[in-house]
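Subject: Structure for you to look at

Dear colleague,

I am handing over the structure below, and I would be grateful if you could open it beside this message as you read. My notes on what was found in it follow.

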Amino acid sequence: MTANDLKGKTIAFAASGGLDSCTVTRWLTELGVTVVCFTADMAQPDEPDFSDVEKRMRACGAADFIALDLKDSIAEAGLEIIQSQSCYEGRYWNTTGIGRHVIVAGMVRAMKKKGIAILSHGSTGRGNDQVRFQLCTNMLAPEFQIYAPWRDELFLKRFGGRSEMIDYCNERKLPIKASKDAPYSTDANLLGLTHEAGKLESLETGPWFITPGMGVLPKDAPDKPEQVAIRFEQGRPVALNGKNVKAFEAISQANVIGGRNGVGIASHLVENRFVGVKSRGVYEAPGMELLGSAYMYLLQLVLDRRARELFDQLSMFLSKQIYQGYGFDLASHMAREALAPTVKLATGTITLNLY
């Protein structure tokens, strides 16, 4: 679809409140498109006041704003990642990949209630997210159409990149937070932060270059171990240090505990993107690293040799499926069903020293 196809129509736009969201919303509005912005609240640590997103999007021309409370949904999705140990190419806990699945599922439900059948997003042409939004929507609502501005020649002729978008927003006095001298970009949800682009594109820039948002760098962590006991019952973390928790609380508290000890902060990866390019990312996922490591030790105790071999194959398969946007397809459902018996066995308490 092109912007010309949208004139006079209503679309649902997945808005983060960032530069792309503000630019696309205003540009489409000026072309006669009714833009309803949908923003997911997934306890993203880089957005301290979630209500600010609505103010920014309405100021950019959004006809309506729908806040999606997906905090419990992202926590449950994160728990599933832990149970399947679905790390992509190392120790990337698929925090953004699974987050896109959660967003699309939440949007599709809300769009059907609002009677909107065109889903739009601001994902760029060289990233994985454009594929994830497309595939997840196709699988959950094949009757929906997708509008991706970064695949629209009209949009590309108007905006060559970040610099032109910033100029466009500044000319219209839109409330953007982006600047041309930003050292890198960040995407976040409850499960973690992903840092990329900017100065991180250069391998001359070390991963410690980032300013952590979920804890401290290991060199700044306390010079003293902190002990934490994690109780799992049938694969679910039900208590931290003897205090009962639900999924959201478990990950939230693990983020704090792990973060202050430098656990899962500034993990470095040059990964193979689904779209065929390499990308360098620096990741923060203290809660996922803490709970995920504890779960890994528990699996070592309960799985026999053959079960472990099959588990590892399914784990790698699911990690790729989620990373590439295939988390809702038949093969992913089959893999989850195959892993279900291991989850039922995962009961026990794991105590770790964090240092």
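Before the helix pair, a word on terms: axes are lines fitted to C-alpha atoms, for helices over the stretch in contact, with angles that run from 0 to 180 degrees between N-to-C directions, and helices (H or I, at least four residues) and strands (E, at least two) are DSSP runs, numbered from the N terminus. Please keep in mind that this is a predicted model, in which local features need pLDDT of at least 70 and side-chain atom pairs count only at pLDDT 80 or more, while totals for chains, interfaces and linings use all residues. Residues are numbered from 1 along each chain as its sequence is written, and side-chain values use heavy atoms, with hydrogens and water left out.

The helix pair is α11 (residues 305-324) and α12 (residues 330-345), whose axes come within 10 Å and cross at roughly 145 degrees. On the side of α11 the contact (heavy atoms within 4.5 Å) is made by Phe-311, Leu-314, Phe-317, Leu-318 and Gln-321, and on the side of α12 the residues include Ala-335, Arg-336 and Leu-339. Sorted by class, this contact of α11 with α12 has 8 nonpolar, 3 polar and 1 charged residues, where Ala, Val, Leu, Ile, Met, Phe, Trp, Tyr, Cys and Pro count as nonpolar, Asp, Glu, Lys and Arg as charged, and the others, Gly among them, as polar.

Turning to the interior, the largest nonpolar core has 65 residues, of which Phe-38, Met-107, Met-111, Ile-230, Leu-290 and Leu-291 touch the most other members. Such a core is a set of buried Ala, Val, Leu, Ile, Met, Phe, Trp, Tyr and Cys residues joined through side-chain atoms within 4.5 Å, and buried means under 20% relative accessible area, with exposed over 50% and partly exposed in between (1.4 Å probe, protein chains only). Helix α5 (residues 95-114) gives the most to this core, with 8 residues. Leaving aside its neighbours within four places in sequence, Met-111 is in contact with residues including Phe-38, Ile-118 and Phe-144.

The cysteines may interest you at the bench: a search of the whole structure finds 0 disulfides, a disulfide being a pair of cysteine sulfur atoms within 2.5 Å. Cys-22 is unpaired because its sulfur is 3.6 Å from the closest cysteine sulfur, in Cys-60, which is too far for a bond. Cys-136 is in no disulfide either, and the nearest cysteine sulfur, that of Cys-87, is 19 Å away. Cys-22 is buried, at a relative accessible area of 0%, and Cys-136 counts as buried at 0% relative accessibility.

Two backbone positions deserve a look, given that most residues other than glycine have a negative phi. Gln-85, although not a glycine, has a positive phi of about 50 degrees; Gln-85 sits in the loop between α4 (71-84) and α5 and is buried, with a relative accessible area of 11%. Ala-197, not a glycine either, has a positive phi of about 65 degrees; Ala-197 lies in the loop between β7 (192-196) and β8 (226-233) and is partly exposed, at 26%.

Gln-85 also appears among the contacts of Gly-292, which, leaving aside neighbours within four places in sequence, are Ile-82, Gln-85, Trp-93 and Gly-287. Gly-292 lies in helix α10 (residues 286-302) and is buried, with a relative accessible area of 0%.

With best wishes
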